[in-house]
Amino acid sequence: MITGSEMYFLALSIGFSLSLVALIAVLISKKTNSSHFYMGNIDSKHIDPKMVKMVNFIGGDLISLVPKKIQKRSIADKKVDDAFKESGNPWGVTKMEFFALRLTYAFVAFLISAIFLIIVQPGLLLSGIITLLLTYLGWNRPLSQYRAIANKRADDFKKHFPEMLDYLTMIMSDGNYTLANAIETVIPYLPESTVKEEFTKVVDAVNSGMNVESALNDLAERLPSPGLEAFVRAVNNANQLNTPMDTLMKTRAKKSREDLINEIELIIQTMPTKTMLTVAPPAILSMLVIFMVPVIVALLETI
């Protein structure tokens, strides 16, 4: 008779073996030829080259297994679109390549979970939960990285934005510059930052024929924040009403600094709680060890 644990291990082994056989069959099948899929124009500074090789190796095969409707829905997903805009697409990939990356990460995570389950052999329910969780984390990893980069860009923008407004206030005070000209004049004096990168895009858009209002609206979509949206609305209204810009820039610079200081103060206020959450568990464990070891030694001596 086969015991329950032996049956469970046998089922896991058969499932994993079938997965490997299916992968090999997909790789050698003429119907799923991955030679048509190649990630070439990527920024190797931000993405692991090994993962690029993995995508080039099996990405096309994995995509061929996914129905076209699911492919289109995933590529057109608003979450992906927002992540691309807000992060500036640091990997330099297309949305189809991004989809292939997500599939490859999910597949690698699935294989890791399968190997882990064969070695550890937890219960059936726990195995299913672990497999689904790791596969989902793998699938979501590229999107999470883009969101993390988007958050860093937003923080960097808030940090350097007041400085740019100070420059614009000084330049536009004599009334000889339009907003677009003033921005173009200021950009060379800005430190390398998200502000410089994004306002360079604004200038390029204006120089290519787009009006300032549309270029600023696009900027607000790429870096959504209440402060920037308020700035764009105020500037567009001032342009329509032909009101002086220098006072507006000075006011917005002051408000941007106040918002930044408020955020810093909020972070400072939460630091004691975060510190305690980090320090308390090991401190409590250390105290238990210090107090309990003498007691245990005394008990052992009495036995």
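## Contacts around M164

Contact here means heavy atoms within 4.5 Å. By that criterion, and leaving aside neighbours within four places in sequence, M164 is in contact with I183, V186, L190, V195 and F199. The model is predicted.

M164 belongs to the largest nonpolar core, where it is among the residues with the most contacts. The others named with it are F161, I183, F199, L216, L228 and F231. So two partners of M164, I183 and F199, are listed there too.

## Overall fold

The protein chain has 11 helices and 0 strands. Read along the sequence, the pattern is α-α-α-α-α-α-α-α-α-α-α.

The chain has 303 residues, and 34% of them count as buried. About 18900 Å² is exposed, with carbon and sulfur atoms supplying 66% of that area. Consider contacts between residues at least 6 apart in sequence: 67% of them join residues at least 24 apart.

## Two nonpolar cores

The largest nonpolar core has 30 residues. Five helices each supply at least two residues of this core: helix 6 (124-172), helix 7 (179-186), helix 8 (194-207), helix 9 (212-222) and helix 10 (226-241). Helix 6 gives the most, with 7 residues.

Another core lies apart from this one. That second core has 23 residues, including M51, I63, L103 and L143.

## Helix 8

Helix 8 has 14 residues. From first C-alpha to last, the helix reaches 20 Å, close to the 20 Å expected at 1.5 Å a residue. Its buried residues are T194, V195, K196, E198, F199, V202, V203, A205 and V206. An α-helix has 3.6 residues a turn, so residues three or four places apart point the same way. Just after helix 8, G209 takes a positive phi of about 120°.

T194 is found in helix 8. At 6% relative accessibility, T194 counts as buried. Not counting residues up to four places away in sequence, T194 touches R153, D156, F157 and L223.

K196 also lies in helix 8. Is this lysine buried or exposed? K196 counts as buried because its relative accessibility is 16%, and the cut-off for buried is under 20%. Not counting residues up to four places away in sequence, K196 touches I187, P188, L190 and P191. L190 is also in contact with M164. K196 and M164 are 32 residues apart in sequence, yet 8.7 Å apart in space, C-alpha to C-alpha.

## Helix 2 against helix 5

Two packed helices are described by the angle between their axes and the distance between the axes. Helix 2 (residues 49-65) and helix 5 (residues 95-120) pack at an angle of about 95°, with their axes 8 Å apart. That makes helix 2 roughly perpendicular to helix 5.

Which residues meet across this pair? Helix 2 brings M51, M54, V55, I58, G59, L62 and I63. Helix 5 brings M96, F99, A100, L101, L103, T104, Y105, F107 and V108. Of these, M51, I63 and L103 also belong to the core of 23 residues.

## The loop before helix 5

N89 is found in the loop between helix 4 (78-87) and helix 5. What sign does the phi of N89 take? The phi of N89 is positive, about 50°, although N89 is not a glycine. Most residues other than glycine have a negative phi.

Notes. Residues numbered from 1 in each chain as written. Predicted model: local features only at pLDDT ≥ 70, side-chain atom pairs only at ≥ 80, totals over all residues. Heavy atoms only, no water. Helix = DSSP H or I, 4+ residues; strand = E, 2+ residues; numbered from the N terminus. Buried < 20%, exposed > 50% of the residue type's maximum accessible area, 1.4 Å probe, protein only. Areas by Shrake-Rupley, 256 points an atom, 1.4 Å probe, with all protein chains shown as cover. Core = buried A, V, L, I, M, F, W, Y, C linked by side-chain atoms within 4.5 Å. Expected span 1.5 Å × (residues − 1). Axes fitted to C-alpha atoms, helices over the stretch in contact; angles between N-to-C directions. Parallel < 35°, antiparallel > 145°, perpendicular 65-115°, else oblique.
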